[in-house]
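The following report describes one protein chain, going from its overall build to single helices, side-chain pairs and loop residues. Please keep the structure open while reading.

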Amino acid sequence: VARISFYLMLCMAVETFFIDLQAARGVASHFNHTSIFNEIVYAVMGVFILFNTGVVSYTAYQFFKQSTELSQAMLWVVRLGLILFVIGSLEGGVMSGLDKHSVGAPDDVVGLFFLNWNTQGGDLRIAHFMGIHALQVIPLFAYLVERYFKLSSVSLVMAFALLYFLAFNLLFVQALKGLSLLG
């Protein structure tokens, strides 16, 4: 647990450092090919995020392999949150492969208030965001259902995770087709 925690913390610290550095310089952190330095920053970020995805995949594998004192419902909350995180991360990899986050419109258009998600074409960041935040959404759902409805069920957690998976993957397909979140 300590080693996994260290690796995850390291990956997020490196990613955050470079995003903050580029923001302080007033330049884009992602898809920035304007100089050798910016290329190196983007490549280093990519290596650490790829490593992070591997560590999370390994962690998910361990939750299937190792015994735990968690209830079955909570065990599945963790497993499914980790799996959906990895899928969301892979969708981020698609953006990297395309070297852009928008389909059917330029990346640099003014978008949705606060989030700046593209409103003129498809935006792959939406599905990526939903996927990586499954780690928070699925446990929150399980907690709220258990706390307020006194339900703790593997079937309920799996059904919610499946619906969540379908929702963010439908948004991914919609974005790949170049369709905006708003229409």
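Helices (H or I, at least four residues) and strands (E, at least two) are taken here as DSSP runs, numbered from the N terminus. On that basis the chain has six helices and two strands, and from the N terminus on its elements run α-α-α-β-β-α-α-α. This is a predicted model, in which local features need pLDDT of at least 70 and side-chain atom pairs count only at pLDDT 80 or more, while totals for chains, interfaces and linings use all residues. Residues are numbered from 1 along each chain as its sequence is written, and side-chain values use heavy atoms, with hydrogens and water left out.

**Overall build**

Taken along the principal axes, the C-alpha atoms of the chain fill a box of roughly 50 × 40 × 25 Å. A residue is called buried when its relative accessible area is under 20%, exposed when it is over 50%, and partly exposed in between (1.4 Å probe, protein chains only); of the 183 residues of the chain, 36% count as buried. With contact meaning heavy atoms within 4.5 Å, 61% of the contacts between residues at least 6 apart in sequence join residues at least 24 apart.

**Helices H1 and H4**

H1 has 24 residues, and the distance from its first C-alpha to its last is 34 Å, close to the 34 Å expected at 1.5 Å a residue, where the expected span is 1.5 Å times one less than the number of residues. The buried residues of H1 are Ile4, Cys11, Val14, Glu15, Phe18 and Gln22, and these residues pack against H2. Just after H1, Gly26 takes a positive phi of about 75°.

In helix H4 (residues 125-132), the buried residues are Ile126, Ala127, Met130 and Gly131. Seen down the axis of H4, they fall within an arc of 130°, so they line one face of the helix; the arc is that of the directions from the helix axis to the C-beta atoms. What covers the buried residues of H4 includes helix H3 (72-98), strand E2 (122-123), helix H5 (134-149) and helix H6 (154-176).

**Aromatic rings and charges**

A pair of aromatic rings is described by the distance of the centres and the angle of the planes. Rings of Phe, Tyr and Trp (its six-membered ring) pair if their centres lie within 6.5 Å, and planes under 30 degrees apart count as stacked, over 60 as edge-to-face and the rest as tilted. By this rule the count comes to 10 aromatic pairs. In one of them, the rings of Tyr7 and Phe51 have their centres 5.4 Å apart and their planes at 75°, so the pair is edge-to-face. Because Tyr7 lies in helix H1 (residues 2-25) and Phe51 in helix H2 (residues 36-65), the pair ties together parts that are 44 residues apart in sequence. Tyr7 is partly exposed, at a relative accessible area of 31%, and Phe51 also counts as partly exposed, at 38%. Elsewhere, Phe141, Phe160, Tyr164, Phe165 and Phe168 form one aromatic cluster.

A charge sits over a ring if NZ of Lys or CZ of Arg is within 6 Å of the ring centre and within 35 degrees of the ring normal. Arg79 lies over the face of Phe64, at 4.5 Å from the ring centre, and over the face of Trp76, at 4.7 Å from the ring centre.

Side chains of opposite charge can pair when their charged atoms come close. If a salt bridge is a side-chain nitrogen of Lys or Arg within 4 Å of a carboxyl oxygen of Asp or Glu, how many does a search of the whole structure find? The search finds one salt bridge; Arg125 forms it with Asp123, the closest N and O atoms being 2.6 Å apart. Arg125 is partly exposed, with a relative accessible area of 22%, whereas Asp123 is buried, with a relative accessible area of 3%.

**Loop residues**

Asp99 has a positive phi of about 65° although it is not a glycine, and Phe114, likewise a residue other than glycine, has a positive phi near 70°. The table gives the place and accessibility of some loop residues.

| Residue | Loop | Relative accessible area |
|---|---|---|
| Asp99 | between H3 and strand E1 (102-103) | 33%, partly exposed |
| Phe114 | between E1 and E2 | 75%, exposed |
| Leu115 | between E1 and E2 | 36%, partly exposed |

The C-alpha atoms of Leu115 and Val47, which are 68 residues apart along the chain, are separated by 25 Å.
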